[in-house]
Amino acid sequence: MRILSSIFCILLVLFTLVQYNDPDGLFWGLIYGVAALWCGLAALRPVVFARPLWRGLYAATLALSVVGVVWFWPTTPGFWRQEVWWETETAREGMGMMIVLIALITVWFASRRGGSSVRSAP
């Protein structure tokens with residue numbers, strides 16, 4: 001799970017970096033950046049998920065990403081086809097939120113594994 005979290009971290013950092021020329025790039029850069037931070041923590045410092053404050057902040061982020069997927073769900077027919085998302089920004093934004101949610105669910109699984117070993121230590 002650490003490797004998968006690392007891959008998502010790198011991917012989301014790249015997503016953050018390519019937002020420089022987007023009209024709402026600060027908004028999307030923040031979304032991708034926060035998700036990248038959680039993935040990085042799951043990969044490098046899973047012990048933080050044993051602390052209630054960090055678990056609460058992560059849970060809030062996960063809940064907001066679920067809301068984001070519902071809010072930004074693409075209404076364009078066939079949004080998953082390259083010729084559609086290549087031209088339609090709303091399709092790209094919706095798919096970006098889906099990727100964020102998948103990455104944060106991966107973090108949840110990684111934190112469950114890392115958190116259980118941390119809590120059982122003396």
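This is a short look at the aromatic pairs and the cysteines in this structure. Keep in mind that the model is predicted.

I'll take the aromatics to begin with. The structure holds 10 aromatic pairs. One of them is F15 with Y32, an edge-to-face arrangement with 5.2 Å centre to centre and 70 degrees between the planes. The two residues sit 17 residues apart, F15 in helix 1, residues 2-17, and Y32 in helix 2, residues 25-44. Y32 counts as buried, because its relative accessibility is 6%.

Another pair is F27 with F72. This one is tilted, at 6.1 Å centre to centre and 50 degrees between the planes. F27 belongs to helix 2, while F72 is in the loop between helix 3 (52-71) and helix 4 (82-85), so the pair ties together parts 45 residues apart in sequence. F27 has 42% relative accessibility and counts as partly exposed. F72, at 22%, is also partly exposed.

These four residues come together with W28: F15, F27, W28, Y32 and F72 form one aromatic cluster.

Now the cysteines. How many disulfides does the structure hold? The count is zero. C9 is in no disulfide, and its nearest cysteine sulfur is that of C39, 6.3 Å away. Why is there no bond from C39 to C9? The 6.3 Å between the sulfurs is too far for one, because a disulfide here needs the sulfur atoms within 2.5 Å.

Are these two cysteines buried or exposed? C9 is buried, with a relative accessible area of 18%. C39 is buried too, at 0%.

How values were computed: Residues are numbered from 1 along each chain as its sequence is written. This is a predicted model: local features need pLDDT of at least 70, side-chain atom pairs count only at pLDDT 80 or more; totals for chains, interfaces and linings use all residues. Side-chain values use heavy atoms; hydrogens and water are left out. Rings of Phe, Tyr and Trp (its six-membered ring) pair if their centres lie within 6.5 Å; planes under 30 degrees apart count as stacked, over 60 as edge-to-face and the rest as tilted. Helices (H or I, at least four residues) and strands (E, at least two) are DSSP runs, numbered from the N terminus. Buried means under 20% relative accessible area, exposed over 50%, partly exposed in between (1.4 Å probe, protein chains only).
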